[in-house]
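Here is a friendly walk through one protein model, written for someone who likes to work with distances, contacts and accessibilities. Have the viewer open as you read.

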Amino acid sequence: GTRYTMEQDFYTSFMRAEGIQPIIPDEDDREAINHVIFKELCRGEIHSKSRQLFLSIIQKYQKAEDVEAVILGCTEIPLLIQQEAVAIP
């Protein structure tokens, strides 16, 4: 989602209450995601470079952590990433 969605606890607090331990991308990744959302996707721009960026961020955390799923927490992100592009739900 946006940087604000990832940094605030309005979603993560509910997840933790249900036993789900969310992994939040680091500051650089949050900023990159936020930039793509507001400077590209919200303007209807879809770039393969940004798709690769998102996929690399997903893969980075999938390899480093025990990740079972990815939350595309912004309505515009599925314009860039579809289920077929990643190995986890």
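Let us begin close to the N terminus. Setting aside neighbours within four places in sequence, Thr2 is in contact with Asn34, Ile37 and Phe38. This is a predicted model, so please read each value here as computed from predicted coordinates.

**Around Thr2 and Asn34**

Thr2 sits in the segment before H1. Is Thr2 buried or exposed? Its relative accessible area is 11%, and because buried means under 20%, Thr2 counts as buried. The side chain of Thr2 also makes a polar contact of 3.0 Å with the side chain of Thr5.

Asn34, one of the contacts of Thr2, belongs to helix H3. Seen from Asn34, and again without neighbours up to four places away, the contacts are Thr2, Arg3 and Tyr4. Asn34 is buried as well, with 6% relative accessibility.

**The aromatic pair**

How many aromatic pairs does the model contain? The count comes to one aromatic pair. Its members are Phe10 and Tyr11, with ring centres 5.0 Å apart and planes at 55 degrees to each other. The pair is classed as tilted because an angle under 30 degrees would count as stacked and one over 60 degrees as edge-to-face.

Phe10 is placed in the loop between H1 and H2. Apart from neighbours within four places in sequence, Phe10 is in contact with Tyr4 and Thr5. Thr5 is thus a link between two parts of this account: the side chain of Thr5 joins that of Thr2 in a polar contact, and Thr5 touches Phe10 too. Both rings of the pair belong to partly exposed residues, with relative accessible areas of 39% for Phe10 and 47% for Tyr11.

**Loop residues and the chain end**

Two glutamates in loops make a nice contrast. Glu18 is in the loop between H2 and H3, and Glu40 is in the loop between helix H3 (27-39) and H4. Glu18 counts as exposed, at 65% relative accessibility, whereas Glu40 counts as buried, at 12%. Which residues does Glu40 touch, leaving aside its neighbours within four places in sequence? They are His35, Glu45, His47 and Ser50.

Further along, Gln83 is found in the segment after H4. Gln83 is partly exposed, with 44% relative accessibility, and beyond four places in sequence it touches Ile88 and Pro89.

The table sets separation along the chain beside separation in space for four residue pairs.

| Residue pair | Separation in sequence | C-alpha to C-alpha distance |
|---|---|---|
| Glu18 and Thr2 | 16 residues | 22 Å |
| Glu40 and Ile23 | 17 residues | 24 Å |
| Gln83 and Ile58 | 25 residues | 12 Å |
| Phe10 and Lys49 | 39 residues | 30 Å |

**The largest pocket**

Now to the part you may want to load into a pocket viewer. The largest pocket has a volume of about 810 Å³. Of its 28 lining residues, Pro22, Ile23, Ala69, Val70 and Ile71 are the closest to the centre. Ile23 has already appeared in the table, where its C-alpha lies 24 Å from that of Glu40.

Which helices each supply at least two residues of the lining? Helix H1 (3-7), helix H2 (12-17) and helix H4 (48-64) do. Among these, H4 gives the most, with five residues.

What is the chemical make-up of the lining? The residues divide into 20 nonpolar, six polar and two charged.

**Looking back**

To recap, the N-terminal part of the story is a set of contacts in which buried Thr2 meets buried Asn34. The aromatic part is the tilted pair of Phe10 and Tyr11. The pocket part is an opening of about 810 Å³ whose lining includes 20 nonpolar residues.

Methods. Residues numbered from 1 in each chain as written. Predicted model: local features only at pLDDT ≥ 70, side-chain atom pairs only at ≥ 80, totals over all residues. Heavy atoms only, no water. 1 Å grid on protein atoms, 1.4 Å probe; cavity = no way out; pocket = protein on both sides within 12 Å on 5 of 7 lines; lining within 4 Å. Points joined across faces, edges and corners; volume = space filled by probe spheres on them. Helix = DSSP H or I, 4+ residues; strand = E, 2+ residues; numbered from the N terminus. Nonpolar A, V, L, I, M, F, W, Y, C, P; charged D, E, K, R; others polar. Phe/Tyr/Trp six-rings, centres within 6.5 Å; stacked < 30°, edge-to-face > 60°. Buried < 20%, exposed > 50% of the residue type's maximum accessible area, 1.4 Å probe, protein only. Polar contact = N/O pair within 3.5 Å; in protein donor to acceptor, adjacent residues only side chain to side chain. Contact = heavy atoms within 4.5 Å.
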